[in-house]
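Me: Got a minute to go through this model with me? I'd like to start with pockets.

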Amino acid sequence: MAQLWGGRFTKNTDKLVYQFNASIHFDKRFLKEDITGSLAHVAMLEKQGIISTEEKKAIEEGLQGILKDVEAGTLVPTEEYEDVHSFVEANLIDRIGDPGKKLHTGRSRNDQVALDMRMYIRSQVQETDTLLKELLGVLHRLMGENLDTYMPGFTHLQKAQPLTLAHHLGAYFEMFKRDRGRMRDIYERLNYCPLGAGALAGTTYPLDRDYTANLLGFYGPTDNSMDSVSDRDYVIEFLSALSTIMMHLSRFSEEVILWNSNEYGFVEIDDAYSTGSSIMPQKKNPDIAELVRGKTGRVYGALMSMLTTMKGLPLAYNKDMQEDKEMTFDAIDTVKGCITLFTGMMDTIEFRKDKMSVSAMKGFTNATDAADYLVKKGVPFRDAHGIIGQLVLYALEHQKAIDELSLAELQKICPTFEADIYDAISLETCVEKRLTHGAPGIQAMQKIIEKNEYYLHEGDWKHE
């Protein structure tokens with residue numbers, strides 16, 4: 001059992017206690033971050049005259065050798081080691097001898113693991129942002145291709161007003177765009193270096209924390225050593241943002257699932273993103289969308305677990321905080337996988353434009369426009385609302401759409417109707433005359449698409 005703290009103890013740790021306490025089986029994911037942080041730390045120690053140039057070179061070569069061997073598969077972190085830190089340090093000492101024992105000068109595992117976690121989350125924030133941008137690119141393309149693909153818009157899952165597929169997809173573009181904004185916000189707050197905080201109260205060694213922070217790409221060092229080792233706000237923020245991403249993906253998945261049903265028939269999901277039934281040969285199931293929807297709760301669980309872990313911890317570091325890793329890792333893997341698969345599904349999906357258009361013409365989606373027509377003819381809106389309600393009731397009784405009623409039938413309910421009513425409530429007119437900013441009319445949507453084009457290629461967050 002490789003441990004970094006055995007001097008104080010006279011008895012070996014109970015095996016079950018050791019296994020319960022150990023984190024090597026999950027924090028080995030930090031190996032690259034741990035070695036990168038150690039290389040920066042040892043460079044700073046040499047700069048400050050705390051270790052010699054020869055010792056620095058020996059430690060650097062040893063650390064780089066460990067990383068190379070692990071990546072090649074010739075060296076494997078095993079449960080013989082308590083954590084990734086002891087794995088690296090023990091192997092370093094085996095390789096280079098006494099100089100390896102100086103690596104930990106001026107730091108604690110508390111600030112070391114805080115550094116590893118920040119560096120790992122920082123990289124995952126950037127990777128998640130990149131995946132979101134790829135999804136936005138697919139949605140942007142689909143929006144441009146479907147400016148005149150008419151479909152019904154819904155409230156309460158009831159047909160409400162006609163719009164276009166471009167406009168509907170644009171709503172999700174805005175959601176995922178905000179998700180990218182959250183990635184940038186998290187990055188801005190987390191990108192400060194805790195290394196040098198020690199266990200909780202800094203160190204008497206003349207460390208140059210600014211130098212270390214700069215080497216590791218941080219904006220600067222953290223300002224309070226106690227907060228440095230006990231802060232996990234950035235993990236909670238990231239899990240919250242991941243949960244929001246999953247909520248958006250789940251809402252979108254629900255609609256794809258509905259659109260894929262026989263009752264809607266709006267989409268044909270590519271065979272590569274569907275499965276069949278073991279007993280019903282006609283089935284083509286939207287399993288990817290269903291799994292994305294189902295895995296959302298898993299990510300929510302990680303957020304609630306982390307909030308619960310942190311809610312009662314006194315300053316500074318407590319072992320409870322070891323629980324910040326496993327579910328966070330799982331949530332990150334889950335979300336990245338879901339974004340990737342959902343992007344692939346949307347990139348290959350086929351929209352049944354004919355079915356969408358026919359559906360948009362049913363369900364009295366032009367009723368609001370019929371009321372607006374009467375208002376423009378001088379009828380007060382409240383009166384117009386009541387007249388169209390009567391008209392819809394009449395149409396339901398006669399199993400017709402509003403535009404299928406004769407002018408005589410329309411004028412029987414309200415003599416204000418004239419022959420131009422049919423053009424005023426046509427599907428094309430209902431959509432195209434909506435030209436206010438953010439509306440589904442083609443001219444309005446073209447402006448949004450131009451704005452999105454700039455955002456994706458010129459105005460978005462550039463990773464440092």
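Reply: Sure. First, what counts here: a pocket is an open set of grid points with protein on both sides within 12 Å along at least five of seven lines. Keep in mind that this is a predicted model.

Me: OK, what volume does the second largest pocket have?

Reply: About 200 Å³ for the second largest pocket.

Me: And which residues are closest to its centre?

Reply: Asp83, Arg109, Tyr317, Lys319 and Gln322 are the closest, out of 13 residues that line the second largest pocket.

Me: Which helix gives the largest share of that lining?

Reply: Helix H6, residues 109-145, with 3 residues.

Me: How does the lining divide into nonpolar, polar and charged?

Reply: For the second largest pocket you get 6 charged, 5 polar and 2 nonpolar residues.

Me: Switching to helix packing. At what angle do H4 and H5 pack?

Reply: About 120°, and the axes of H4 (residues 53-72) and H5 (residues 84-96) are 9 Å apart. The crossing of H4 past H5 is right-handed.

Me: Which residues meet there?

Reply: On the H4 side, Ala58, Ile59, Gly62, Leu63, Gly65, Ile66, Asp69 and Val70; they meet Phe87, Val88, Asn91, Leu92, Arg95 and Ile96 in H5. That contact between H4 and H5 divides into 9 nonpolar, 3 polar and 2 charged residues.

Me: How many salt bridges does the count come to?

Reply: The count is 27 salt bridges. One pair is Lys102 with Glu55, whose side chains meet at 2.5 Å, N to O. Lys102 sits in the loop between H5 and H6 and Glu55 in helix H4, so to speak distant parts of the chain, 47 residues apart.

Me: Now backbone oddities. Where is there a cis peptide bond?

Reply: Between Leu315 and Ala316, with omega about 5°. Ala316 is in the loop between helix H11 (287-310) and helix H12 (326-348).

Me: And what about phi at Leu157, positive or negative?

Reply: Positive, about 60°, although Leu157 is not a glycine. Leu157 lies in the loop between strand S1 (150-155) and strand S2 (158-164). For context, most residues other than glycine have a negative phi, and most peptide bonds are trans.

Technical notes: Residues numbered from 1 in each chain as written. Predicted model: local features only at pLDDT ≥ 70, side-chain atom pairs only at ≥ 80, totals over all residues. Heavy atoms only, no water. 1 Å grid on protein atoms, 1.4 Å probe; cavity = no way out; pocket = protein on both sides within 12 Å on 5 of 7 lines; lining within 4 Å. Points joined across faces, edges and corners; volume = space filled by probe spheres on them. Helix = DSSP H or I, 4+ residues; strand = E, 2+ residues; numbered from the N terminus. Nonpolar A, V, L, I, M, F, W, Y, C, P; charged D, E, K, R; others polar. Axes fitted to C-alpha atoms, helices over the stretch in contact; angles between N-to-C directions. Left-handed = near helix turned anticlockwise from the far one by under 90°. Contact = heavy atoms within 4.5 Å. Salt bridge = Lys/Arg side-chain N within 4 Å of Asp/Glu carboxyl O.
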